[in-house]
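Hi everyone, thanks for coming. Have a look at the picture I'm putting up, and then I'll walk you through a few bits of it.

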Amino acid sequence: MSLKGSLFMNNPLSGISRMTQSQSLRVSVHPPMVVAMMNPNTRLERNVSVSVDSAVKEVNAPMAVEIVDPKLKQHSTAVGGGVEDVYGEDTATEEQFDTPWSVSVASGYSLLRNPHHNKGLAFTEKERDAHYIRGLLPPVVVNQDLQVKKMMANIREYVIPLQKYQAMMDLQERNERLFYKLLIDNVEELLPIVYTPTVGEACQKYGSIFKRPQGLFISLKDKGKILEILKNWPEKNIQVIVVTDGERILGLGDLGCQGMGIPVGKLSLYTALGGIRPSACLPVTIDVGTNNEKMLNDEFYIGLRQKRANGQEYAELMNEFMSAVKQNYGEKVLVQFEDFANHNAFDLLAKYSATHLVFNDDIQGTASVVLAGLISALKLVGGSLTDHRFLFLGAGEAGTGIAELIALEISKQTQIPLEDARKKVWLVDSKGLIVRSRLDSLQHFKKPWAHEHEPVGSLLDAIKAIRPTVLIGSSGAGQTFTKDVVEAMSCLNEKPVILALSNPTSQSECTAEQAYIWSQGRAIFASGSPFAPVEYNGKIFVSGQSNNAYIFPGLGLGLIISGAIHVHDDMLLAASEALAEQVTQEHLDNGLIYPPFTNIRKISAHIAAKVATKAYELGLASRLPKPENLVAYAESCMYSPDYRNYR
Ligand SMILES: O=C([O-])CC(=O)C(=O)O
Ligand SMILES: [Mg+2]
């Protein structure tokens, strides 16, 4: 059927599927069936009941195409009283099957039910006539800004964050552009709702609040059919996939299939913060079971009710997924691994980084955002990275990922070997300080951090022994930066740098208030989940949010606009530098080591430009020639949530 107007914007985020008015989209329908082409205004006005065998039909007007199973009753134009089973669904019984046929071009009533195109009360008079929706809406016509104002007022009425989350998800299902407009224009207020910390609670209760699937669920039951499943997804030009297996959702642990909230949330940030088109984003949850007894016993749990598969069974399913993704979407689709447990996260990243465009947000994204914060913090505390000592509580993905990027940067800045640079960084895990004598019993990703030192059992003793200038919490365990810990850091340092990275808020190593009070207002503090400003001794302290949300949207945009085929560590360093450059003297004067989220789209464009520049330098970019001004180019490629006009 002919498409009216240009469907896709002319930029690389639109892929190759640009269509203009003169081109037509062919719809093939099988099995053989009767196709009733209906002008929704007069129902059977044109092309009535065309019999189609492996049908390819072309029609010219915006219309609903409704496919009626010929075995059942056909449409009737008869005007009369009584109840008429027009669609045949009432004649189907449990023995006689119904067929849920419906293929429709968004127009008329279905246009209002299509979240990609629906504009609600913002449809103009002309559009209401042209698209057969007159009378389906109340008479008033409003603009998008008024809709934003109304929705924000509605959302502010809710006091419980999870209710706000549900209101936002409902909006996303109803009117996608309005959802993104709201999120972009009110990013500081809504980020904690659609993302950390509320998304954590949403995952815990996902089985109860689940309405419509927002991504693909791939379970052990689907072995051998993953390519087929990808083809079931309605969008074809996918550019970013966020995938989880739900085993380590934030600091909340194994939530199994209910981890789906995380890929959904991360991808809505890809669009709102990084400008990737929503239709190019695909959230995926791999369900291999869960070891969470609470989930297994919850009657509303939505996943496989079995213990987690691991070993070969797990590896084979992941491998089928990764192969199917490349086969279906090509080599330039970005796959972001999210919230996998340590034992799989490192292996998956190592295995697929050679063959796919992959990125682990918890290892690499977190590392990049923390390094950016440290670059800024140095402007407040003085010295260069190599002059500092870093101590981590938590030696998993985030801890070792950050540690490695710090060491890499020190090594680049000072030309000392990476092994020597690593000696500036110390990690504490559940068994105490990681030291040489523990080497044999350490998991492989901890081994590079086993430095020569006598054993130390507690974090507090490690602080006394190592005398760090920077303390970073990445253990996923809340309230582990106790008063003693913060006081010890404050004894050693005039301005202790303290980062409490674990999410959500309940798992934060300490609160902003605790950090400022216990350090007598001297701490330079940032946290993974947001905290409200704190008043201490008559001064207001605003803490930064050290969350990978600053990095992955811009990084992803940079990879896409350059057509990168691999992620390289230097791109992470470039992203860190780009983010740190966005911190002004005014921010620093207020103790902020991250810029506010308000300007995040501008920040993402800068990060994208630096990442893309690196991709070109490294010969990893496939989009040639390189655009002149990469910042302007990145901005021009970003999705805008403003309504389009329909002819
Ligand atoms: O989702 C977030 O807020 C940050 C993150 O990746 C995690 O905590 O796993
Ligand atoms: Mg994560």
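I'll start with the whole protein, then go to one helix pair, and end with the ligand.

First, this is a predicted model: local features need pLDDT of at least 70, side-chain atom pairs count only at pLDDT 80 or more, and totals for chains, interfaces and linings use all residues. Residues are numbered from 1 along each chain as its sequence is written, and chains are lettered from A and ligands numbered from 1 in the order they are written.

So, the protein has 24 helices and 19 strands; these are DSSP runs, with H or I and at least four residues for a helix, E and at least two for a strand, numbered from the N terminus. Of its 647 residues, 46% count as buried, meaning 20 or more other C-beta atoms, placed from the backbone, lie within 10 Å of the residue's own.

Now, how do α5 and α10 pack? Helix α5, residues 176–185, meets helix α10, residues 261–274, at about 70°, with the axes 9 Å apart. Axes are lines fitted to C-alpha atoms over the stretch in contact, and angles run from 0 to 180 degrees between N-to-C directions. That makes α5 roughly perpendicular to α10, a label for 65 to 115 degrees. Y180, L183 and I184 of α5 touch S268, T271 and A272 of α10, where contact means C-beta atoms, placed from the backbone, within 7 Å.

Last, ligand 1: T196, L250, D339, D361, D362, N503, G528, N547 and N548 surround it, each with its C-beta atom, placed from the backbone, within 6 Å.

Note on methods: Buried ≥ 20, exposed ≤ 12 C-beta atoms within 10 Å, placed from the backbone. Parallel < 35°, antiparallel > 145°, perpendicular 65-115°, else oblique. Contact = placed C-beta atoms within 7 Å.
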